[in-house]
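Hi everyone, thanks for making time for this. Let me put the structure up, and then I'll walk you through what I found in it.

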Amino acid sequence: MKTINRCKPVAFGAICALALSAVPRPALADSGGISFWLPGAFASLSAAPAVPGWAYETIYIHLQQSAGAGKNFVTSNGIPGSVVAGINAHADVLVEGVTYTWAQSVLGAQAALTVLAAPGNVGVGVDATLTGPRGNTISGTASDNRTTVSDVLYQGTLKWNQGVHNEMFYIMGNIPSGTYDSTRLANLSFGFVAVDVGGAYTYLDPKSGHEFSVLAGVTYNGKNSDLQYQNGIDFHLDWGLSQFIAKNVHVGLAGYYFQQLTGDSGAGATLGDFKGRVAGIGPQIGFLFPVAQGYQGYLNLRGYKDFAAENRPEGWTAWVTFQLSPAMPETASSKPIVRKY
């Protein structure tokens, strides 16, 4: 099995969130039912180590979400507490990022820093009325479509390796880009600062080709001053299970569980402090291939279908990830180094 340098949809973790922030922010669980963390951002090889040096990653995300007219949301249309009934949203986002992995150890671990941002198109439609905080109502449907850019996202990681066992600590967050517009339904940026911290574990046996990864984290969300709305604290768990069927190919399943721990708050949270929840599962496949002397490519495709959603829109998400990174030197140990980041 060769070295696999995998792109951690970091942010996608956060950016993760990114694609989702396309949807209006409800007073139902996590403003608009959308969270900073996009469930499914991590899958297999989450904590596996990397080859030191620079890596480039690009991730295409397609998101399709909806909630019936019987579900209400607080939206980002410039009026704190403005309510809509029902929502349909889609997003096509192209995340671009660079990562640097240090050769020197930090606390006995391998350290890396990733910075990324994403241009994309967002479309949002609502089914029913818009209601202001004073009870004024405008009847009818509303829609918005926008091509814009996300916040700048960052992620720092520390990874430890002991044979087939790999552990990781991470911290990630966003730097507001200024593209957030409180008068629009469609946004790729958040309008607030968020920080997510957590850890991951990867079991990888090069002999058998068995691999299992799990990542868990907690998100603290700042206040959106334009909407006077603050999301509650969120917990998320992403996992991946795969088998290397050849030295350069692995297949398996990936999934996630997301649960809001505390309710939303602020003057704009007129629907109360409901908590959001969702789970999802889907297939994945990954390919490793040489690109040029000293470099290799990694391509991963996976998709998720939501289920058990509560106080959130639900639907499906598709991910296509490509990373260009340094290859393991031929003279190095035969033990593979696999990484997703």
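Let's begin at the outside. The protein exposes about 12,500 Å², with carbon and sulfur atoms supplying 63% of that area. Please keep in mind throughout that this is a predicted model.

Now the overall make-up. The secondary structure comes to two helices and 20 strands. Of the 341 residues in the protein, 56% are buried. And if you take the contacts with a separation of 6 or more, 70% of them are between residues 24 or more positions apart.

On to the interior. In soluble globular proteins, nonpolar side chains tend to be buried together. Here, the largest nonpolar core has 39 residues, and the members that touch the most others are Trp37, Phe42, Val95, Val124, Met168, Leu215 and Trp319. Which strands feed into this core with at least two residues each? They are β2 (53–74), β3 (83–106), β5 (119–126), β10 (165–175), β11 (194–204), β16 (249–260) and β18 (295–310). The largest share comes from β3, with five residues.

Let me stop at one residue that I like a lot, Asp238. It is found in strand β15, residues 234–246. Is Asp238 buried or exposed? With a relative accessibility of 1%, Asp238 counts as buried, because the cut-off for that label is under 20%. So what does the side chain of Asp238 reach? It comes to 3.1 Å from the backbone nitrogen of Phe42. Leaving aside residues up to four places away in sequence, Asp238 touches Trp37, Pro39, Gly40, Ala41, Phe42, Ser213, Val214, Leu215, Gly255 and Tyr256. Trp37, Phe42 and Leu215 should sound familiar, as they were among the core residues that touch the most other members.

Back to the surface for a moment. There is a nonpolar patch of about 710 Å², made by Trp54, Tyr56, Val98, Trp102, Leu113, Val115, Val152 and Ile175. Strands β2, β3 and β4 (109–117) each supply at least two of the patch residues. Val152 has its place in strand β9, residues 152–162. With 31% relative accessibility, Val152 counts as partly exposed.

Last topic: charges. Side chains of opposite charge can pair when their charged atoms come close. How many salt bridges does a search of the whole structure find? The search finds two.

One is between Asp144 and Arg184, whose closest N and O atoms are 2.8 Å apart. This pair links distant parts of the chain: Asp144 is in strand β8 (residues 142–149), while Arg184 is in the loop between β10 and β11, and they are 40 residues apart. The partners also have their own burial labels: Asp144 is buried, at 13% relative accessible area, whereas Arg184 is partly exposed, at 24%.

In the other, the side chains of Glu310 and Arg277 meet at 3.4 Å, N to O. Glu310 lies in strand β18 and Arg277 in strand β17 (residues 277–292), so this bridge ties together parts that are 33 residues apart in sequence. Glu310 counts as partly exposed at 36% relative accessibility, and Arg277 is partly exposed too, at 28%.

If you take one residue away from today, let it be Asp238, which is buried at 1% relative accessibility and has its side chain 3.1 Å from the backbone nitrogen of Phe42. Thanks, and I'm happy to take questions.

Technical notes:
Residues are numbered from 1 along each chain as its sequence is written. This is a predicted model: local features need pLDDT of at least 70, side-chain atom pairs count only at pLDDT 80 or more; totals for chains, interfaces and linings use all residues. Side-chain values use heavy atoms; hydrogens and water are left out. Helices (H or I, at least four residues) and strands (E, at least two) are DSSP runs, numbered from the N terminus. Buried means under 20% relative accessible area, exposed over 50%, partly exposed in between (1.4 Å probe, protein chains only). Contact means heavy atoms within 4.5 Å. Accessible areas come from the Shrake-Rupley method with a 1.4 Å probe; for residues, only the protein chains shown count as cover. A nonpolar core is a set of buried Ala, Val, Leu, Ile, Met, Phe, Trp, Tyr and Cys residues joined through side-chain atoms within 4.5 Å. Patches are made of residues with over 30% relative accessible area and no salt bridge: like charges are joined within 9 Å, nonpolar side chains (Val, Leu, Ile, Met, Phe, Trp, Tyr) within 5 Å. A salt bridge is a side-chain nitrogen of Lys or Arg within 4 Å of a carboxyl oxygen of Asp or Glu. A polar contact is a pair of N or O atoms within 3.5 Å; within protein, one must be able to donate a hydrogen and the other to accept it, and residues adjacent in sequence count only if both atoms are side-chain atoms.
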